[in-house]
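Subject: Structure handover

Hello,

Here is the structure I said I would pass on. Please look it over before reading the notes underneath.

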Amino acid sequence: MKMDLECFPCLLRQAVEAACLATEEEGKRREVVREVLRILREVSPESSPPRVCLKVHEEVKRITGNADPYREVKRNFNLLAKEMYPELRRMVENSQDGFLTAVKLAIAGNVIDVGPGMVFDLRRVVSEVMAKDFKTNHVEFLREELRKSKTVLYLADNAGEVLFDRLLIETLQNKHVIYVVKKDPLLNDASREDAEFAGIQELAEIVEIELDPETIYTPSQAEFLKKAEVVVSKGQGNYETLEGTGANLFYLLMIKCPVVAKRLGGKVGDLVVKGERFG
């Protein structure tokens, strides 16, 4: 997916927000803005939003000297999600279709994303999501692909959201689940620390990956995705990066920006379970 005009102000807003979290020094915050404007000015029309986002946030970290501006934000999201987890697990256990409920909750957790903005009420979002239908509904295709597979590759998105992912992973009995997280901090993306806080290591193998500044996923990582039996891919960033790869990918996400809404033929707030091979 290529950069849209609407991506430019969004990335500049992210940079300002990250700079304010990273440092109290006004001079460094202004330097971040100047350098990010330079990056945005030089963006190739062929660039993807995640690729430019990575460059923007690496610049924030370099200028401010803060390697993880969102560390405290992530900690708070983890604590809130852990507080909600027992109640959410009861929802799965008491539902007629535990898998479907877990899928919906995993998507509800996808609202924990500082990229589009940090203002949301997580409990209200969960309630709203459970009452909604899917805009794109490939849940039964996903169920069948998971039934046939022995190994599931699960691409994590954000801290806090990991507790919601756990609910879905718990339904994947007798599967070897590989839970993929980022090695280096980017926005509020999930790390090994976040995954272990959620107890994912009890259910899955946790694997860290380093992002490539030019391609996000390295060629070898992309090839691994293509060979996987089935891939559960969380969030807009993975969709923007991996769309069109031809892998047996299922995107689980909440639409949170008008650019992705336009691409998926929906609107902000819509729920999506979309199989790459299923239209």
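The notes below go from the whole chain to the sheet, and then to a few local features.

Overall

The model is a predicted one. The chain has 279 residues, and its radius of gyration is 18 Å; a compact globule with that number of residues would come near 19 Å, so the two agree. The C-alpha trace spans about 55 × 40 × 35 Å along its principal axes. Of the 279 residues, 55% are buried. Among contacts with a separation of 6 or more, 73% are between residues 24 or more positions apart. The secondary structure consists of 12 helices and 7 strands.

The sheet

The 7 strands make an open sheet with mixed pairing, and their order is β1-β7-β6-β5-β2-β3-β4. The edges are taken by β1 and β4 (205–209); each has a single partner strand, so one side of each has no neighbour in the sheet. Two helices that pack on the sheet are worth listing:

- α7 (residues 139–148) touches β1, β2 (151–155), β5 (230–234), β6 and β7, and its direction makes about 135° with that of β6.
- α10 (residues 219–227) touches β2, β3 (176–182), β4 and β5, and its direction makes about 135° with that of β2.

Strand β7

In β7, 5 of 5 residues are buried. Both of its faces are covered, with L271, V273 and G275 on one side and V272 and K274 on the other. Strand β1 (residues 136–137) runs parallel to β7 and is joined to it by 2 bridges; N137 has V273 as its bridge partner there. The pairing of β7 with β6 is antiparallel and extends over 5 bridges. Within β7, V272 stands opposite L253.

H138

H138 sits in the loop between β1 and α7. Its relative accessibility is 9%; the cut-off for buried is under 20%, so H138 counts as buried. Leaving aside residues up to four places away in sequence, H138 touches F250, V273, K274, G275, F278 and G279. Three of these names, V273, K274 and G275, also appear in the description of the β7 faces above. The side chain of H138 also reaches the backbone oxygen of F278, at 3.4 Å.

Helix α6

Helix α6 (residues 122–130) has four names on its buried list: L122, V125, V126 and V129. These residues cover an arc of only 100° around the axis, which means that they lie on the same side of α6. The elements covering them include three helices, α4 (71–94), α5 (98–108) and α8 (161–169), together with the strands β6 (249–254) and β7 (271–275). At the N-terminal end, α6 is capped by D121, which has a side-chain oxygen 3.2 Å from the backbone nitrogen of R123.

If you want one place to begin, I suggest β7: this strand pairs with β6, is joined to β1 by bridges, is touched by α7, and is among the elements that cover the buried residues of α6.

Regards

Definitions and conventions: Residues are numbered from 1 along each chain as its sequence is written. This is a predicted model: local features need pLDDT of at least 70, side-chain atom pairs count only at pLDDT 80 or more; totals for chains, interfaces and linings use all residues. Side-chain values use heavy atoms; hydrogens and water are left out. Buried means under 20% relative accessible area, exposed over 50%, partly exposed in between (1.4 Å probe, protein chains only). The arc is that of the directions from the helix axis to the C-beta atoms. Contact means heavy atoms within 4.5 Å. A polar contact is a pair of N or O atoms within 3.5 Å; within protein, one must be able to donate a hydrogen and the other to accept it, and residues adjacent in sequence count only if both atoms are side-chain atoms. Two strands pair if DSSP finds at least two bridges between them. Axes are lines fitted to C-alpha atoms, for helices over the stretch in contact, and angles run from 0 to 180 degrees between N-to-C directions. The radius of gyration is taken over C-alpha atoms; the globule rule is 2.2 Å times the number of residues to the power 0.38.
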